[in-house]
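Hi,

Here is the structure I promised to pass on. Have a look through it when you get a moment, and my notes are underneath.

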Amino acid sequence: LTGLAQIYFKYYVMAKLKQVESGGEDCDFGVILNALHGANDSSPTASAKKRRFAGECFDLDEKYKWIPRKVFESACFSDAQDAEMRNRVIQVVDDVLLGNKKDSLTPTSRAVGLAFIIASLREDDDDAHGQTTSNAHKWMCSLFVQRANLQKALASYLDARSKVKSIEHGTEEHLAAEADAFEQLERVAALSAPLPGLSSSPSDIRPVLEKLHTAKDKHIFRILATIATPDHSASARIRAFDELPKRTKSLGDSTAAWVKSLARRCAMGNFLNAEVVQHCIILSQECFASGDIAESAEFLSCVKTAVDVYPSLGAGKEGFETLQELFNECRAASGQTKKLVEDYNMVTTLSGILAKVAPARMTIAARNKDEPTGEIDSHLESHLVNMCTRDGTPEQARSAVYTMAALINPSKSKDAVAAVGKKRQVSLTQEKQQEAFGSLLKSLTMTSRMTLTSGNGENIKILSILTALTALAESAPSLFEKDSRGVGKNGEKAIMFAIETCLLGRDPSADYDSDSDGAASEDDDEEVMSEDEMSKKTPKGRRRKSSLSKNTTPDGAVSAVEDESLSLTCRRLCAAIEFLVSYISHRGNARDGSTAPEERIEQAVSILCQIIEDGGLPPASRDRKACRSRQDRAALRKCAATNLFRLCDARLKLDEYLSVERWHILSSSLLDEETSVRDGIMEEFSMLLMNKGPYGHDATFGRPMVPHLRFLAMVTLCVDGDHGAGHSGANASAANVGKRSTNMKAAAIQCITNLRTTSEGTRIHARSLGAAAEQHFENCHKMKLMPEYSVPYALYLLSFRRETPSAGGTTGTGLTQPLATQPDDEEDVFISMDEENQHKILRKRLKWLFEPLVHSLGDGADNISFLLRMVDLMGNNYQPISFVGDSHVASSPVSIGSVLSEKGADRAVDPVAKSAALAAAKLKTICVAAREVLLSYVKKDVNLSTYPGGIQLPMNLFRRSHLTSAMKLSLSQQSGDSARTSLDSSKSLPRSSGHKRS
């Protein structure tokens, strides 16, 4: 790999950039264009004229152009697989592909080199939506993300360590701060490369970290601080590499080697750094000024790739001002230039860059005491507002609001400047938010704009309006809180429009208090653009014929609101859902402690559950004809399920709105028949379990909280069916998603680890408060935090699945809905599935939960005995409570045997009792299968250690069973035969000599 990269640099990069390099920093612009044209026009099908123009570049491309792709694909080797190989890949990217400090190119040459390397990675790999699908490009971005995460972790550790020094030594506060700082250092170690000869376990690396943490040389930490931000200079990197080995030598060879490796992983290399990105921005503007739009877009693509991961690389004063100028120039373009700008999506790219860079720009300005003026550029603001209200796409409207939220500083105070840099969230009071965004909100909510139709058809601009409102709800949530003074009236109007008009389909011509619009703006009388009119303005590369998208598999690579293959009605419904959920989420995390009204929350949850339960049909009959295609319904199911998961964030404390029935409905979305839909929903679910993405640490939302145990139980529905088949009837006809299904076990392990940490911390805190608090923890909090208590929820969930086999011989059907929500007479209509496949899927589902629970404790797992006792208790003494409507009703004491035997009889059976009886029969089968699965994990005597504690069950889900003696005997015999077989097989297992018999 190193040899290939050296060949690439010597014979390709240097040959391509020979003239650019000789021109230095003042290189003629024509020479730069020649180098780019040689890189871009080298395909075998290029015309003879292009071949002559490129000169020898075609032959060079044939020989060497594939090498960067191979280099970045080699990043697939993780630290766990081959840490030395991954270290080498990082070194090759940093110091070989575009040279090192000895033979380094000029910044201009490296910017051009970066452009044609990224272009080669993207070549022939862009899908219909402009999304890059190249594996090499994805692996390149993964390397950048790993470095960015490491830099953030190192900066957090250095801040925590600095905080420790400011606290009086020996106090409780000092000890807590010390422990927190060391925990941050352990997180740094987890993200960096392991030392050769040492495992990545905390016990092996701890001595090395302790030596560094207690080092007396403060200069070590000052040097590390210089490379803990992406925008550091090349000289800071060189200094760190030179100084750190000398200063850490006294700490021991292992510590010195680890710090050296940390610096290598953390410091920005020659391939991508602030200087290179700055020159890409300048070259993009120069290309645009000379009319070379394609080349300008190439340099802009490099900037977008960089700032998506490292926003501060484009946040320098000169670079940010250049980006604003280029954005204004693109918006003001006309004629042929405007057409090319639209074809290359220049405005969309630039608006996305500004949205990423603006918060970092304000943070850097405050840090460098280069305080902003508190006023956004008037031309920039005008263009951003117009993108929200007049001619912008949904993506452009969202980026415009995020940019304004970061740059607007109405109070002109240092506190506001510091607040603007927190993940686009402007921490301002309602009055200041009204001052900053009131005019924009008033413009967005004008009656002339909040309409679904125009003269020639549906109003496509409503998508941008709703998307801009979504971004406003994130950036300034108090705008939507109505008070007695009339503040928030426009926000309330927007919410009512989204719910009543867009989603529920009520009279769209209702009077929205027209006097709230105030004085008409200069564009109040503008004509509303219809879908047909807007399609004429859509670039050809972005348009699809609607006839080709009918009943096709939905595309999961792009947001539903921006997917032009969907119907406009479907996209509008998705935009309204996202706005409503964003409003509830961010009001629920407002700093003043206020929340969205209960009525709004109930409406949102009800609408989302209805869409999932109806298979993706819109809640309003008015929209159902327009959304009858398979693709539209799939997109709506995905949007509803994803946003319902967002409302399940533990920090929102909205559990009371997700009843047992709604929990079942949400869980059924994990068994969707469309691959892209199921994959997207499971991706969202995995982020919920792992506290990542929107569920992770956030400046506004605060620290993440562990999810409710019933969500961990839902991992049982994340398995795939038979291998080689797209769907499996025994798995509710759910689409197979391959790796995504396997990765859910890793997400479950992470969730279980977080739950164990939280549970142990809560227990220690309770113990410190006294015996009463400790007993309260054992009686109340333990069953909410101990991950093993997710098993009752899982067994309850499976008991009401139609595809789960029953002990009485009544097999399920292929329905994807829970048992209790289906009509009782439908059972006879469906053909019974193969019982063997049902049992196979059932065992696989149980393994998806039991395996993480057991393996998270390692080889000495001692929770198997506890889980066995829990399963036996539920199987022999309890039955699940059937749920009906918004509540769950205890069944009447009807014999399971009588219900099963009277199938088809004339006597009517209470549907609630029948549902509960069938679920109880299924629970018996589930418990027998669970026992078999658990006993398969018994490898040592320690695995069957007795758990010193009682077992608690959620009594809102289970009740004492009403079984006849004969039925109890029959079921106990079935359970006993299976258990004896499993126990006999476990006796033959070898015992470790280091453990005693339990």
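Below is what I found, going from a charged patch to a helix and then to two asparagines.

Please keep in mind that this is a predicted model.

Let me start at the surface. Glu318, Glu321, Glu325 and Glu329 together make up a negative patch there. One of them, Glu325, belongs to helix α17, which covers residues 317-331. With a relative accessible area of 42%, Glu325 is partly exposed. As general background, an α-helix has 3.6 residues a turn, so residues three or four places apart point the same way.

Next comes helix α32, which runs over residues 675-690. Its 16 residues reach 22 Å from the first C-alpha to the last, close to the 22 Å expected at 1.5 Å a residue. This helix is mostly covered, with 12 of the 16 residues buried. Among the buried ones are Arg678 and Glu684, along with Ile681, Phe685 and Leu688.

The loop between α32 and α33 (709-713) holds Asn691. Its phi is near 60°, a positive value in a residue other than glycine. Most residues other than glycine have a negative phi. Is Asn691 buried or exposed? Asn691 counts as buried, because its relative accessibility is 15% and the cut-off for buried is under 20%.

Asn345 also has a positive phi, near 55°. You will find Asn345 in the loop between α18 (335-343) and α19 (346-367). Asn345 is partly exposed, at a relative accessible area of 24%.

Happy to talk it through whenever suits you.

Best wishes

Notes:
Residues numbered from 1 in each chain as written. Predicted model: local features only at pLDDT ≥ 70, side-chain atom pairs only at ≥ 80, totals over all residues. Heavy atoms only, no water. Patch = residues over 30% accessible without salt bridge, like charges linked within 9 Å, V, L, I, M, F, W, Y side chains within 5 Å. Areas by Shrake-Rupley, 256 points an atom, 1.4 Å probe, with all protein chains shown as cover. Salt bridge = Lys/Arg side-chain N within 4 Å of Asp/Glu carboxyl O. Lys, Arg positive; Asp, Glu negative; His and termini not counted. Charge placed at Lys NZ, Arg CZ, Asp CG, Glu CD. Helix = DSSP H or I, 4+ residues; strand = E, 2+ residues; numbered from the N terminus. Buried < 20%, exposed > 50% of the residue type's maximum accessible area, 1.4 Å probe, protein only. Expected span 1.5 Å × (residues − 1).
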